[in-house]
Amino acid sequence: MVHELKIERKYFVDILAGLKTFEVRHDDRNYQPGDFLYMREYYPDKDKYGVLEMICRVTYILRDPAYCKDGFVIMGIRRMDIAKEDIKL
């Protein structure tokens, strides 16, 4: 499964640099290990997308209520060096 997501530039850059290896999201898409996240750089103050994008693979899912707010999921992610077009749907 491929999930298209907006991501603020400050978080996008940290993932790109290898500093951020997780993503916290509303658990509204049934995220699973092995899913792909098509992440698009987003500027919320302008309500516009930037030009940068990347693909990450979900490596781990944490839904434990002891660690996650109700309705949220924490995903371990790994940036992939592939284009969206290379993912088999």
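In this predicted model, I74 comes out as partly exposed, since its relative accessible area is 25%. The residue belongs to strand β5. Leaving out neighbours within four places in sequence, the contacts of I74 are E23, V24, Y60, I61, L62, Y67 and C68. There is also a long-range neighbour to point out: F22 sits 52 residues away from I74 along the chain, yet the two C-alpha atoms are separated by just 6.8 Å.

That closeness fits into the strand pairing. Strand β2 runs antiparallel to β5 (residues 72-80), and the two are joined over five bridges. Within this part of the structure, F22 faces G76 of β5. Zooming out, the sheet is an open one made of five strands, with mixed pairing and the order β1-β3-β4-β5-β2. The edge positions go to β1 (2-8) and β2 (22-26); each has a single partner strand, so one side of each has no neighbour in the sheet. On average, and ignoring direction, neighbouring strands are turned by 45 degrees against each other. Helix α1 (residues 9-16) packs on this sheet and touches β1, β2, β3 (36-43), β4 (48-62) and β5. The direction of α1 makes an angle of about 115 degrees with that of β1.

Next come the aromatic side chains. How many aromatic pairs does a search of the whole structure find? It turns up one. The partners are Y42 and Y49, with ring centres 5.4 Å apart and planes at 65 degrees; an angle over 60 counts as edge-to-face, so that is the label for this pair. The two tyrosines can be told apart by their accessibility: Y42 is buried, at 11% relative accessibility, whereas Y49 is partly exposed, with a relative accessible area of 37%. Y49 also has a charged companion, as the charged end of R40 sits over the Y49 ring, 3.8 Å from the ring centre. A second arrangement of this kind involves K46, which lies over the face of Y43 at 5.6 Å from the ring centre.

What about the cysteines? The disulfide count is zero. For C56, the closest cysteine sulfur is that of C68, and at 18 Å it is too far away for a bond. C56 is buried, with a relative accessible area of 0%. Seen from the other end, C68 is likewise in no disulfide, the sulfur of C56 being the nearest one at 18 Å. C68, one of the contacts of I74, counts as buried too, because its relative accessibility of 8% is under the 20% limit.

Two loop residues round off the picture with their backbone angles. N30, in the loop between β2 and β3, has a phi near 55 degrees, which is a positive value in a residue other than glycine. N30 is exposed, with a relative accessible area of 54%. D47 is found in the loop between β3 and β4, and its phi is positive as well, at about 50 degrees, although D47 is not a glycine. At 55% relative accessibility, D47 counts as exposed.

Note on methods:
Residues are numbered from 1 along each chain as its sequence is written. This is a predicted model: local features need pLDDT of at least 70, side-chain atom pairs count only at pLDDT 80 or more; totals for chains, interfaces and linings use all residues. Side-chain values use heavy atoms; hydrogens and water are left out. Two strands pair if DSSP finds at least two bridges between them. Helices (H or I, at least four residues) and strands (E, at least two) are DSSP runs, numbered from the N terminus. Axes are lines fitted to C-alpha atoms, for helices over the stretch in contact, and angles run from 0 to 180 degrees between N-to-C directions. Contact means heavy atoms within 4.5 Å. Rings of Phe, Tyr and Trp (its six-membered ring) pair if their centres lie within 6.5 Å; planes under 30 degrees apart count as stacked, over 60 as edge-to-face and the rest as tilted. Buried means under 20% relative accessible area, exposed over 50%, partly exposed in between (1.4 Å probe, protein chains only). A charge sits over a ring if NZ of Lys or CZ of Arg is within 6 Å of the ring centre and within 35 degrees of the ring normal. A disulfide is a pair of cysteine sulfur atoms within 2.5 Å.
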